[in-house]
Amino acid sequence: PILEQVKSNVGEQAKIIKIDVDKNRSLADKFQIRSVPTLILFKEGKVVWRQSGVVSARTLESIIRSNQ
């Protein structure tokens, strides 16, 4: 629900993609995901922010906007 709220508030400013790490082990290994949820923000293909654990919608929206 947090990601859905963030998507509705930021619109086209960001793409939000959920990955099932159990079905995508190679991707989880590539990005060294060790806990769920892990949120990663990319800009132009590079990781600009990463957080393991739950983040509030307000915080996540702020992080997205500050990295535009």
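Two salt bridges are counted in this predicted model. One of the two links D29 with R25, whose closest N and O atoms lie 3.4 Å apart. Both residues belong to helix α2, which spans residues 25-30, and because they sit four residues apart there, about one helical turn separates them. Neither end of this pair is hidden from view: D29 is partly exposed, with a relative accessible area of 44%, and R25 is likewise partly exposed, at 41%.

The other salt bridge joins E61 to R65, with 3.6 Å between the closest N and O atoms. Here the setting is helix α3, residues 57-66, and the spacing is again four residues, so about one helical turn lies between E61 and R65. The two ends of this bridge fall into separate accessibility classes. E61 counts as buried at 11% relative accessibility, whereas R65 counts as partly exposed at 38%.

E61 deserves a further look, as the salt bridge to R65 is accompanied by a polar contact with another residue. The side chain of E61 meets the side chain of N9 in this polar contact, at a distance of 2.8 Å. When neighbours within four places in sequence are set aside, E61 touches Q5, V6, N9 and V10. Helix α1 is made up of residues 2-10, so these four partners of E61 all carry numbers that fall within α1. E61 itself is found in helix α3, and its relative accessible area of 11% is under the 20% limit, which means that the residue is classed as buried.

Turning to the stretch that leads into α3, V55 is placed in the loop between strand β2, residues 46-52, and that helix. Despite this loop position, V55 counts as buried, at 9% relative accessibility. Apart from neighbours within four places in sequence, the residues in contact with V55 are I2, L39, W49 and L60. Q68, by comparison, lies 13 residues from V55 in sequence and 19 Å away in space, taken from C-alpha to C-alpha.

T38 offers another buried position, this time in a strand. The residue lies in β1 and has a relative accessibility of 17%, which places T38 in the buried class. Two polar interactions involve its side chain. In one, the side chain of T38 reaches the backbone oxygen of S35 at 2.5 Å; in another, it makes a polar contact of 3.4 Å with the side chain of S52. Beyond the four nearest places in sequence on either side, T38 is in contact with I33, R50, Q51 and S52. S52 thus appears both in the list of contacts and as a polar partner of the T38 side chain.

Some backbone features also stand out. Most residues other than glycine have a negative phi, and most peptide bonds are trans. Against that background, the peptide bond from V36 to P37 is cis, its omega being near 0 degrees. P37 is placed in the loop between α2 and β1, the latter covering residues 38-43. The loop between α2 and β1 also holds Q32, a residue that is not a glycine yet has a positive phi of about 50 degrees. Q32 is exposed, with a relative accessible area of 55%. A further positive phi, of about 55 degrees, is found at E44, which is not a glycine either. The place of E44 is in the loop between β1 and β2, and at 76% relative accessibility this residue counts as exposed.

On the surface, I17, I19 and L27 together make a nonpolar patch of about 280 Å². One of these residues, I19, is found in the loop between α1 and α2. With a relative accessible area of 44%, I19 is partly exposed.

Methods: Residues are numbered from 1 along each chain as its sequence is written. This is a predicted model: local features need pLDDT of at least 70, side-chain atom pairs count only at pLDDT 80 or more; totals for chains, interfaces and linings use all residues. Side-chain values use heavy atoms; hydrogens and water are left out. A salt bridge is a side-chain nitrogen of Lys or Arg within 4 Å of a carboxyl oxygen of Asp or Glu. Helices (H or I, at least four residues) and strands (E, at least two) are DSSP runs, numbered from the N terminus. Buried means under 20% relative accessible area, exposed over 50%, partly exposed in between (1.4 Å probe, protein chains only). Contact means heavy atoms within 4.5 Å. A polar contact is a pair of N or O atoms within 3.5 Å; within protein, one must be able to donate a hydrogen and the other to accept it, and residues adjacent in sequence count only if both atoms are side-chain atoms. Patches are made of residues with over 30% relative accessible area and no salt bridge: like charges are joined within 9 Å, nonpolar side chains (Val, Leu, Ile, Met, Phe, Trp, Tyr) within 5 Å. Accessible areas come from the Shrake-Rupley method with a 1.4 Å probe; for residues, only the protein chains shown count as cover.
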